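Let's take a walk through this structure together, one small piece at a time. Keep the 3D view open while you read.

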Amino acid sequence: MSVKANSAAMSFSVVLADEAATVSAGRKFGEALKQGAVVYLEGVLGAGKTTFCRGVLQAFGHSGAVKSPTYTLVEPYVLDIGTVYHFDLYRLGDPEELEYMGIRDYFQESAVCLVEWPVRGEGYLPCADIVATLSPLGDGRRLELQAINERGAAILILMS
Amino acid sequence: MRVLGIESSCDETGVAVYDSEAGLLGHELYTQIKVHAEYGGVVPELASRDHIRKLIPLIDEILKRTDSVGAIDAVAYTSGPGLIGALLVGGCVGRALAYAWGVPAIGVHHMEGHLLAPLLEPNPPAFPFVALLVSGGHTQLVEVKAIGEYRLLGESLDDAAGEAFDKAAKMMDLDYPGGPHIARLAEQGVAGRFKFPRPMTDRPGLDFSFSGLKTFTLNTVTQNAEANGLPDDQTCADIAHAFQEAVVDTLVIKCRRALQECNMNTLVIAGGVSANNRLREKLETALAKINSRVFYARHEFCTDNGAMIAYAGCQRLMVGQTEPLAVTVTPRWPLDQLSHL
């Protein structure tokens with residue numbers, strides 16, 4: 001796995017050969033998220049977003065299954081090291097529906113919020129610190145991590 | 001005892017009247033699939049708002065049609081697991097009606113409803129059995145000794161089988177829900193052109209994983225895509241065929257293994273995916289070889305419905321299990337936490 005830093009450590013790009021590499025990249029990323037963060041996950045169906053989240057959760061000490069939150073919208077993980085909320089907004093019809101599920105309560109400073117399909121919640125979601133994009137590349141994936149603000153940049157520096 | 005059942009845990013609004021002596025008197029379903037098809041999935045709040053709109057007229061209708069006005073002895077409603085907003089609609093309506101009529105209310109576990117649905121059929125299975133609960137939200141193997149005596153044998157570690165069907169369908173631009181569309185397309189497919197993996201079948205255990213199959217489908221669709229972004233019609237049919245075979249084979253292998261581990265010879269399949277004809281066919285063949293049988297509900301009772309809730313509620317009512325004067329819904333509720341009869 002080669003990690004390349006560019007444009008003043010504001011973004012990282014890495015090629016992931018398989019599922020194991022995706023989990024491992026998630027774990028490495030998770031190690032840098034201990035102070036909390038809002039992370040948007042971009043990528044088509046089957047790109048590996050939930051698999052990447054499994055790695056992040058492992059960094060927080062979660063060893064069990066990471067079920068797709070597609071039908072539940074959010075899966076909370078309250079762990080010794082911190083709290084991680086795994087969202088999947090795939091089924092949202094209107095961003096306003098987030099208000100009905102009490103979205104504001106989830107986004108606390110210290111929590112890690114991993115948000116799949118953030119575009120469906122536009123206008124009701126807080127801004128991302130980091131946008132993680134997974135795109136198919138041959139049989140593997142390319143992962144790009146982009147810092148959106150200073151908090152995000154600090155996380156990427158921690159990773160390098 | 002005559003029980004009104006209400007189901008509103010997800011995208012279906014269902015009501016039914018079940019009589020402990022006469023059996024199922026009738027059921028009504030209002031499906032929101034047309035509303036959801038537009039979005040390629042269930043829309044939670046939209047769904048709960050629609051339950052509000054549909055529930056009272058549906059109840060009116062079923063009470064009249066089954067000649068049950070003034071004759072209901074209890075109201076059963078789905079109290080979990082499911083989407084909280086949707087559950088609350090059925091819970092509030094059910095509890096309030098029971099209070100107004102001065103009869104008991106019963107909160108029913110949605111998955112218990114599903115696994116008991118085949119008992120509504122003539123020649124129902126006898127306890128004990130192994131149940132495969134397989135739908136858009138769940139893929140679980142459960143040992144069922146009696147009503148309320150459940151032991152989880154294995155489950156999906158990521159996506160549910162029905163969710164994999166929905167998402168594979170979406171990748172090929174098919175409508176929601178994906179299962180029936182994939183199944184129909186698969187009939188035109190040529191066997192053997194694509195070979196999909198059978199996830200987690202080469203190691204021991206009864207857990208499932210369908211996320212990798214979704215990724216494999218995406219890669220296959222992308223690699224065979226033409227200028228419009230989709231493979232040609234025949235290729236889509238071949239992919240649908242290979243995908244369905246992979247899901248079905250994986251489910252069959254684990255069901256057979258679960259029966260052997262529990263030393264049982266009766267399998268019950270329930271939930272939306274249990275309506276899949278290829279799954280039924282392959283299970284029948286595979287189980288015949290090990291002297292076992294598979295039972296399932298009629299198609300309309302595989303997906304969410306009020307009949308299974310009325311039936312499950314009636315079983316619990318008859319041993320005196322009812323709810324206090326409060327509405328409690330439980331969006332996450334493991335099946336093995338249920339009380340025995």
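Which residue in β3(B) stands opposite B:Val15? Find B:Val15 and look straight across: its partner is B:Glu28. Keep in mind as you go that this is a predicted model.

Now zoom out a little from that pair. The two strands here are β2, residues 12–19 of chain B, and β3, residues 23–31 of chain B, and they pair in the antiparallel sense. Eight bridges link β2(B) to β3(B). With three residues between them, the two strands make a hairpin.

Next, let's see how chain B meets chain A. On chain B, 29 residues are in contact with 29 residues of chain A. Together the two chains bury about 2,300 Å², and 51% of that is on carbon and sulfur atoms.

What about charged partners across the interface? The rule finds one salt bridge between chain B and chain A. You can spot it at A:Lys67 and B:Glu155, where the closest N and O atoms are 2.8 Å apart. There are also nine residue pairs in polar contact between chain B and chain A.

So which parts of chain B do the touching? The elements that give two or more residues to the side facing chain A are α2 (44–65), α5 (161–171) and α7 (211–223) of chain B. The largest share comes from α7(B), with six residues. As for the kinds of residue on the side of chain B that touches chain A, you'll find ten nonpolar, eight polar and eleven charged.

Technical notes. Residues are numbered from 1 along each chain as its sequence is written. Chains are lettered from A and ligands numbered from 1 in the order in which they are written. This is a predicted model: local features need pLDDT of at least 70, side-chain atom pairs count only at pLDDT 80 or more; totals for chains, interfaces and linings use all residues. Side-chain values use heavy atoms; hydrogens and water are left out. Two strands pair if DSSP finds at least two bridges between them. Helices (H or I, at least four residues) and strands (E, at least two) are DSSP runs, numbered from the N terminus. Contact means heavy atoms within 4.5 Å. Buried area is the accessible area (1.4 Å probe) that two parts lose on being put together, summed over both. A salt bridge is a side-chain nitrogen of Lys or Arg within 4 Å of a carboxyl oxygen of Asp or Glu. A polar contact is a pair of N or O atoms within 3.5 Å; within protein, one must be able to donate a hydrogen and the other to accept it, and residues adjacent in sequence count only if both atoms are side-chain atoms. Ala, Val, Leu, Ile, Met, Phe, Trp, Tyr, Cys and Pro count as nonpolar, Asp, Glu, Lys and Arg as charged, and the others, Gly among them, as polar.
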